[in-house]
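Hi everyone, thanks for coming. I'd like to walk you through a structure today, so please have a look at it while I talk.

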Amino acid sequence: MDIDVIHINTAYDDDQKYGGLSFVESSKDIPFEIKRIYYIYEVEKGIKRGFHAHKLNWQLLFCPYGAIDILLDDGVERKKITLDSPSIGLVLHPGLWRVMTWQRDNSILCVAASEYYDPNEYIRDYNDFLKYVKSYKIRGDLI
Ligand code: T46
């Protein structure tokens with residue numbers, strides 16, 4: 001599966017006394033221009049969200065606080081990535097079914113997206129997703 005786990009730049013002061021600061025720069029660190037940022041919070045451990053794929057959106061997912069499992073499915077294989085550090089980022093191309101599972105209470109999921117919000121570019125039915133993947137041959141035609 002073609003996904004990119006990136007290291008997010010992180011700065012600490014010499015004594016590591018004042019906390020960390022992590023940053024991402026559009027185009028330099030991620031392969032798209034950011035049009036939208038959103039974040040998900042106040043979620044209890046064990047909650048699952050997602051259950052959809054995107055037709056157009058590229059996204060960077062990161063978890064600045066807590067731990068969240070991201071299960072990805074490209075219609076052929078599945079892979080699980082755990083976001084449990086502010087310096088881990090996950091770059092997702094369109095055409096990936098995702099399920100996010102909160103591993104700790106109040107973990108925060110931040111997302112930078114390549115497109116404005118459009119409910120019509122979501123695929124929310126798994127069988128439709130499989131049909132979509134087959135018809136567009138994700139690897140070749142879509143990306
Ligand atoms: C994704 C994962 C990682 C908006 O009105 N504007 C927005 O920009 C977004 C992202 C959502 N919404 C509304 C649509 C729903 O009424 O917020 C509500 C919750 O969205 P949803 O059920 O899609 O949330 P998740 O956690 O299942 O998925 C979200 C993103 O929607 C999706 O793009 O990849 O996080």
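I'll go through the cysteines, then the pockets, then a few strand pairings.

One thing up front: this is a predicted model. Keep that in mind as we go.

Okay, cysteines. How many disulfides does a search of the whole structure find? Zero. Take cysteine 63: the nearest cysteine sulfur to it belongs to cysteine 110, and that sulfur is 7.9 Å away. Seen from the other side, cysteine 110 has the sulfur of cysteine 63 as its nearest, again at 7.9 Å. To count as a disulfide, the two sulfur atoms would have to be within 2.5 Å. So neither cysteine 63 nor cysteine 110 is in a disulfide.

Are these cysteines buried or exposed? Cysteine 63 has a relative accessible area of 1%, so it is buried. Cysteine 110 comes in at 12% relative accessibility, and that counts as buried too. The cut-off for buried is under 20%.

Now the pockets. The largest pocket holds about 210 Å³ of space. Its lining is made of 15 residues, and the ones nearest its centre are Tyr38, Ile40, His52, Met100 and Tyr122. Which elements give two or more residues to that lining? Those are strands E4 (36-40), E5 (48-54), E6 (59-65), E10 (97-102) and E11 (108-113). E5 provides the largest share, with four residues. Sort the lining by class and you get eight nonpolar, four polar and three charged residues.

Next, the second largest pocket, with about 160 Å³ of space. Here 13 residues form the lining, and closest to the centre are Ile8, Ser22, Phe23, Val24 and Phe62. Strand E3 (20-23), E6 and E11 each give two or more residues to this lining. And its classes? Twelve of the lining residues are nonpolar, one is polar and none is charged.

You'll have heard E6 come up for the largest pocket and for the second largest one, so let's finish with its partners. E6 runs antiparallel to strand E9, residues 88-92, and four bridges join them. If you want to find that pairing on screen, look for leucine 61, which stands opposite leucine 90 in E9. E6 also pairs with E11, antiparallel again, over five bridges. A good place to spot that one is tyrosine 65, whose bridge partner in E11 is isoleucine 108.

That's it from me, thanks for listening!

Terms used:
Residues numbered from 1 in each chain as written. Predicted model: local features only at pLDDT ≥ 70, side-chain atom pairs only at ≥ 80, totals over all residues. Heavy atoms only, no water. Buried < 20%, exposed > 50% of the residue type's maximum accessible area, 1.4 Å probe, protein only. 1 Å grid on protein atoms, 1.4 Å probe; cavity = no way out; pocket = protein on both sides within 12 Å on 5 of 7 lines; lining within 4 Å. Points joined across faces, edges and corners; volume = space filled by probe spheres on them. Nonpolar A, V, L, I, M, F, W, Y, C, P; charged D, E, K, R; others polar. Pairing = 2+ DSSP bridges.
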